[in-house]
Amino acid sequence: VQLQAFGGGLVQAGGSLRLSCAASGSIFSINAMGWYRQAPGKERELVAAITSGGSTNYADSVKGRFTVSRDNAKNTVYLQMNSLKPEDTAVYYCYANYINMDYWGKGTLVTVSS
């Protein structure tokens, strides 16, 4: 399973960005997909995740601002980020859980200026 993320960039505080991540390879059905992030000097943390059935889980710090969604037919997961804050600045990594193994994409940098 290969994961390719798109959509990072520089945005002002209060702005929005949309990340997307497409999984490719010999895939039948991916279980959970989602996003982690890692800020400088901090550990990687879960941002949001979504199961194949649509159940979601969010970090408390992003609830009400971020929305995770997926297109199962395209094996793609999205992260809509609104009301961005400088503390959201991080490298964002998408992941997919497939046959009880986690796969990771290369990170995409999100920078929120104050």
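Arg-44 lies over the face of Trp-104, at 4.9 Å from the ring centre. In this predicted model, the charged end of Arg-44 also sits over the ring of Tyr-93, 3.8 Å from the centre of that ring. The arginine is thus a convenient way into the aromatic part of the structure, where Tyr-36, Tyr-95 and Trp-104 form one cluster.

Three aromatic pairs are found in the structure. In one of them, the ring centres of Tyr-36 and Trp-104 are 5.1 Å apart and the planes meet at 70°, so the pair is edge-to-face; the cut-off for that label is over 60 degrees. Because Tyr-36 belongs to strand E4 and Trp-104 to strand E10, this pair ties together parts that are 68 residues apart in sequence. Trp-104 also pairs with Tyr-95, in a tilted arrangement with 5.6 Å from centre to centre and 35° between the planes. The members of the cluster can be set side by side by accessibility: Tyr-95 is buried, with a relative accessible area of 10%, Tyr-36 counts as partly exposed at 23%, and Trp-104 is partly exposed at 38%.

Turning to the interior, the largest nonpolar core holds 31 residues, of which Trp-35, Val-47, Phe-66, Val-68, Leu-79, Met-81 and Tyr-92 touch the most other members. Strands E1, E3, E4, E5, E7, E8, E9 and E11 each supply at least two residues of this core, and the largest share, five residues, comes from E9. In soluble globular proteins, nonpolar side chains tend to be buried together. Phe-66 gives a good idea of the surroundings of one such core residue. Leaving aside residues up to four places away in sequence, Phe-66 touches Val-47, Tyr-58, Leu-79, Met-81, Leu-84 and Tyr-92, together with Arg-37, Gln-80, Asn-82 and Asp-88.

Strand E1, at residues 2–6, offers a neat view of two faces: Leu-3 and Ala-5 make up the covered face, while Gln-2, Gln-4 and Phe-6 are on the uncovered one. E1 pairs with strand E3 (residues 17–24) in the antiparallel sense, over five bridges. Within this pairing, Phe-6 has Ser-20 of E3 as its bridge partner.

Strand E9 deserves another look, this time for a polar residue. Asn-97 is found in E9 and is buried, with a relative accessible area of 15%. What joins the side chains of Asn-97 and Asp-102? The link is a polar contact of 2.8 Å. Beyond residues up to four places away in sequence, Asn-97 touches Ile-30, Asn-31 and Ala-32 as well as Asp-102.

Just past the end of E9 comes a pair of backbone curiosities. Most residues other than glycine have a negative phi. Ile-99, although not a glycine, has a positive phi of about 50°, and Asn-100, also not a glycine, has a positive phi of about 60°. Where in the chain is Ile-99 found? Ile-99 is in the loop between strand E9 (90–98) and strand E10 (101–104), and Asn-100 lies in the loop between E9 and E10 too. Ile-99 is exposed, with a relative accessible area of 62%, and Asn-100 is likewise exposed, at 75%.

Technical notes: Residues are numbered from 1 along each chain as its sequence is written. This is a predicted model: local features need pLDDT of at least 70, side-chain atom pairs count only at pLDDT 80 or more; totals for chains, interfaces and linings use all residues. Side-chain values use heavy atoms; hydrogens and water are left out. Helices (H or I, at least four residues) and strands (E, at least two) are DSSP runs, numbered from the N terminus. Buried means under 20% relative accessible area, exposed over 50%, partly exposed in between (1.4 Å probe, protein chains only). Two strands pair if DSSP finds at least two bridges between them. A polar contact is a pair of N or O atoms within 3.5 Å; within protein, one must be able to donate a hydrogen and the other to accept it, and residues adjacent in sequence count only if both atoms are side-chain atoms. Contact means heavy atoms within 4.5 Å. A nonpolar core is a set of buried Ala, Val, Leu, Ile, Met, Phe, Trp, Tyr and Cys residues joined through side-chain atoms within 4.5 Å. Rings of Phe, Tyr and Trp (its six-membered ring) pair if their centres lie within 6.5 Å; planes under 30 degrees apart count as stacked, over 60 as edge-to-face and the rest as tilted. A charge sits over a ring if NZ of Lys or CZ of Arg is within 6 Å of the ring centre and within 35 degrees of the ring normal.
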